[in-house]
Amino acid sequence: MIAWLRHRPVTAHCEADRWRFDPRYTQGRCPICGWKPEGAPDAPRWLAIANRWDWEMLGLLLLADVLVLLGLIVAHAAGILR
Ligand SMILES: [Zn+2]
């Protein structure tokens, strides 16, 4: 398995509530009092990567590619490209 995909337990301990939690699934905060541990990840790694990605721009580029492809098909069928 790829090393960065492997599940690694990340736990933080809130002293005020004596509560142990995984900050990746509580948006980096203690679910009871909202305390934010220093340097704790606020999302699972796959979600952090997915959030960084610009999905709308990717969709736009994909749409442009499809339109160019359709244009080439139509131009070929109409005999413009020989
Ligand atoms: Zn707390």
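Start by selecting residues 55-77, which make up helix H2 in this predicted model. Count along H2 and you get 23 residues. Put a distance between its first and last C-alpha: the helix reaches 33 Å, close to the 33 Å expected at 1.5 Å a residue.

Keep H2 selected and colour by burial. How many of its 23 residues are buried? The count is 0, so H2 is hardly covered, given that a residue needs 20 or more other C-beta atoms within 10 Å of its own to be buried. While you're looking down the helix, remember that an α-helix has 3.6 residues a turn, so residues three or four places apart point the same way.

Now step past the end of H2 to glycine 79. Check its backbone torsions: phi is positive there, near 80 degrees.

Zoom out and show the whole protein. You should find 2 helices and 2 strands, and going from the N terminus they come in the order β-β-α-α. Burial is scarce across the chain: 5% of the 82 residues count as buried. If you've got a contact map handy, take the contacts with a separation of 6 or more; pairs 24 or more positions apart account for 9% of them.

Next, go to the strands, S1 (12-14) and S2 (19-21), and pick glutamate 15 in the loop between them. Buried or exposed? Glutamate 15 counts as exposed, because it has 8 C-beta neighbours inside 10 Å.

For the last stop, add tryptophan 35 to the selection and draw a C-alpha to C-alpha distance from glutamate 15. The two sit 20 residues apart in sequence, and the distance in space is 9.7 Å.

Conventions
Residues numbered from 1 in each chain as written. Predicted model: local features only at pLDDT ≥ 70, side-chain atom pairs only at ≥ 80, totals over all residues. Helix = DSSP H or I, 4+ residues; strand = E, 2+ residues; numbered from the N terminus. Expected span 1.5 Å × (residues − 1). Buried ≥ 20, exposed ≤ 12 C-beta atoms within 10 Å, placed from the backbone. Contact = placed C-beta atoms within 7 Å.
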